[in-house]
Amino acid sequence: MQPTATVLVYSDDSNTRGQVRLATGRRPASDVPQVEFIECATPAAVLKELDRGGIDVCVLDGEAVPMGGMGICRQIKDEIFNCPPVLVLIGRPQDAWLATWSRADAAVTLPVDPVEFAASLASLLRRKALLGA
């Protein structure tokens, strides 16, 4: 297991990015690596960081402006070779079908529920570790 996992967090709202950091803590579960965050407030910053590589999981705010996380998710799933797993934050449970359309690997509702979020993030980190092994 690697010593740290890199999680990209995209939201135009610093409070949402803060909710993600707080819900994750140092690590979302005891069997996954500690997490380091890369925070992005614009779609261009997300693409730049993904082009650099080294991202283990993306957390994208589906309610972000001017471009929502679901649109970015669909774009990166089409354009990024070996795209990391994506967790999308959705505004309402009824929006889960949109997360499926975007090809997100998981979705949780806003505001971030720490238990649900940590479990989803840990699951994606485990999956990434298995695929990378």
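Reader: Leaving aside neighbours within four places in sequence, which residues is L87 in contact with?
Author: This is a predicted model, where local features need pLDDT of at least 70 and side-chain atom pairs count only at pLDDT 80 or more, while totals for chains, interfaces and linings use all residues. Residues are numbered from 1 along each chain as its sequence is written, and side-chain values use heavy atoms, with hydrogens and water left out. Taking contact as heavy atoms within 4.5 Å, the residues that L87 meets are C58, V59, L60, A106, V108, F117, S120, L121 and L124.

Reader: How many residues of strand β4 are buried?
Author: Strands (E, at least two residues) and helices (H or I, at least four) are DSSP runs, numbered from the N terminus. A residue is buried under 20% relative accessible area, exposed over 50% and partly exposed in between (1.4 Å probe, protein chains only). Strand β4 spans residues 86-90 and is mostly covered, and its count of buried residues is five of five.

Reader: V86, V88 and I90 point one way from β4, so which residues point the other way?
Author: In a regular strand the side chains alternate between the two faces of the sheet. V86, V88 and I90 take one side of β4, and the other side goes to L87 and L89.

Reader: And what is the bridge partner of L60 in β4?
Author: Two strands pair if DSSP finds at least two bridges between them. Strand β3 (residues 57-61) runs parallel to β4, and four bridges join them. Across this pairing, the partner of L60 is V88.

Reader: Which residue in β5 stands opposite I90?
Author: Strand β5 (residues 106-109) pairs with β4 in the parallel sense, over four bridges. Opposite I90 there, you will find T109.

Reader: Is the crossover from β4 to β5 right-handed or left-handed?
Author: The chain gets from β4 to β5 through helix α4 (residues 96-101). A crossover is right-handed if, with the strands pointing away from the viewer, the path from the first strand over the helix to the second runs clockwise. β3, helix α3 (residues 69-79) and β4 also make a right-handed unit, and the β4-α4-β5 crossover is right-handed.

Reader: Which element gives the most to the largest nonpolar core?
Author: A nonpolar core here is a set of buried Ala, Val, Leu, Ile, Met, Phe, Trp, Tyr and Cys residues joined through side-chain atoms within 4.5 Å. The largest one has 21 residues, and V59, L87, L89 and F117 touch the most other members. Elements giving two or more residues include β1, α1, β3 and β4, but the most, five residues, come from α5.

Reader: Is S120 buried or exposed?
Author: S120 sits in helix α5 (residues 114-132). Beyond its neighbours within four places in sequence, it is in contact with L87 and V108. With a relative accessible area of 15%, S120 is buried.

Reader: How many disulfides does a search of the whole structure find?
Author: A disulfide is a covalent bond between the sulfur atoms of two cysteines, and the test for one is a pair of cysteine sulfur atoms within 2.5 Å. C58 stays unbonded because its closest cysteine sulfur, in C83, is 5.8 Å away, which is too far. C73 fails likewise because its closest cysteine sulfur, also in C83, is 6.7 Å away. Over the whole structure, the number found is zero.

Reader: Finally, which residue in β2 is the bridge partner of V9?
Author: β1 pairs with strand β2 (residues 34-40) in the parallel sense over seven bridges. The chain crosses between them through α1, in a right-handed crossover. In β2, the partner of V9 is E39.
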